[in-house]
Amino acid sequence: MNVSPAFELNSKTIEPLSGTSKIYGSDTEDMFSTILDSAVNSLNTTNKYLSDAENEEIKLALGETENTHDLAIALQKASVSLQYTVAIRDKFLEAYKEIINMQI
């Protein structure tokens with residue numbers, strides 16, 4: 001039994017074999033690139049907030065500052081940013097698992 005594919009894959013387009021319409025891959029690649037850049041920026045921001053919180057803890061422990069307000073703000077920023085990053089990761093993994101379980 002010979003089964004023909006429904007789509008022909010090309011590096012720039014996905015073309016249906018039985019039609020004339022085209023779905024251009026460059027738009028999809030641009031969208032994926034934008035999403036990936038956004039995720040990397042989010043991770044960098046989260047790392048910065050975690051580093052800032054750690055630096056504030058060290059300053060307080062060494063007695064370089066007595067301002068606990070800055071420490072509380074830094075810890076809260078780090079906590080919220082980390083929760084957001086974990087939520088994004090969980091949604092990404094959920095979508096990945098759904099794609100992997102798709103039957104073609």
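Helices here are DSSP runs of H or I with at least four residues, numbered from the N terminus. Keep in mind that this is a predicted model.

**Exercise 1.** Find the helix that holds tyrosine 96, and work out which exposure class tyrosine 96 falls into.

*Solution.* Start with the position: tyrosine 96 sits in helix 2, which covers residues 68-100. Next, take the cut-offs: buried is under 20% relative accessible area, exposed is over 50%, and partly exposed is in between. Tyrosine 96 comes out at 47%, so it counts as partly exposed. Finally, look at its company: Tyr96 joins Phe92, Leu93 and Ile100 in a nonpolar surface patch, with about 430 Å² of accessible area together.

**Exercise 2.** Decide whether serine 81 is buried or exposed, and list what serine 81 touches beyond four places away in sequence.

*Solution.* Serine 81 is also a helix 2 residue. Its relative accessibility is 12%, so serine 81 counts as buried. Leaving out residues up to four places away, serine 81 touches Thr45, Thr46 and Tyr49.

**Exercise 3.** Place asparagine 55 in its helix and give the C-alpha separation between asparagine 55 and leucine 71.

*Solution.* Asparagine 55 belongs to helix 1, residues 25-62. At 39% relative accessibility, asparagine 55 is partly exposed. Leucine 71 is 16 residues away along the chain, and the two C-alpha atoms are 8.9 Å apart.

**Exercise 4.** Describe the largest pocket and say which element gives the largest share of its lining.

*Solution.* Volume comes first: about 560 Å³. Of the 18 lining residues, Ile35, Leu36, Ala39, Ile88 and Phe92 are closest to the centre. Helix 1 and helix 2 are the elements that give two or more residues to the lining. The largest share, 10 residues, is from helix 1.

Conventions:
Residues are numbered from 1 along each chain as its sequence is written. This is a predicted model: local features need pLDDT of at least 70, side-chain atom pairs count only at pLDDT 80 or more; totals for chains, interfaces and linings use all residues. Side-chain values use heavy atoms; hydrogens and water are left out. Patches are made of residues with over 30% relative accessible area and no salt bridge: like charges are joined within 9 Å, nonpolar side chains (Val, Leu, Ile, Met, Phe, Trp, Tyr) within 5 Å. Accessible areas come from the Shrake-Rupley method with a 1.4 Å probe; for residues, only the protein chains shown count as cover. A salt bridge is a side-chain nitrogen of Lys or Arg within 4 Å of a carboxyl oxygen of Asp or Glu. Buried means under 20% relative accessible area, exposed over 50%, partly exposed in between (1.4 Å probe, protein chains only). Contact means heavy atoms within 4.5 Å. On a 1 Å grid over the protein atoms alone, a cavity is a set of points where a 1.4 Å probe fits but cannot get out, and a pocket is an open set with protein on both sides within 12 Å along at least five of seven lines; lining residues have an atom within 4 Å of a point. Grid points are joined across faces, edges and corners, and a volume is the space filled by probe spheres set on the points.
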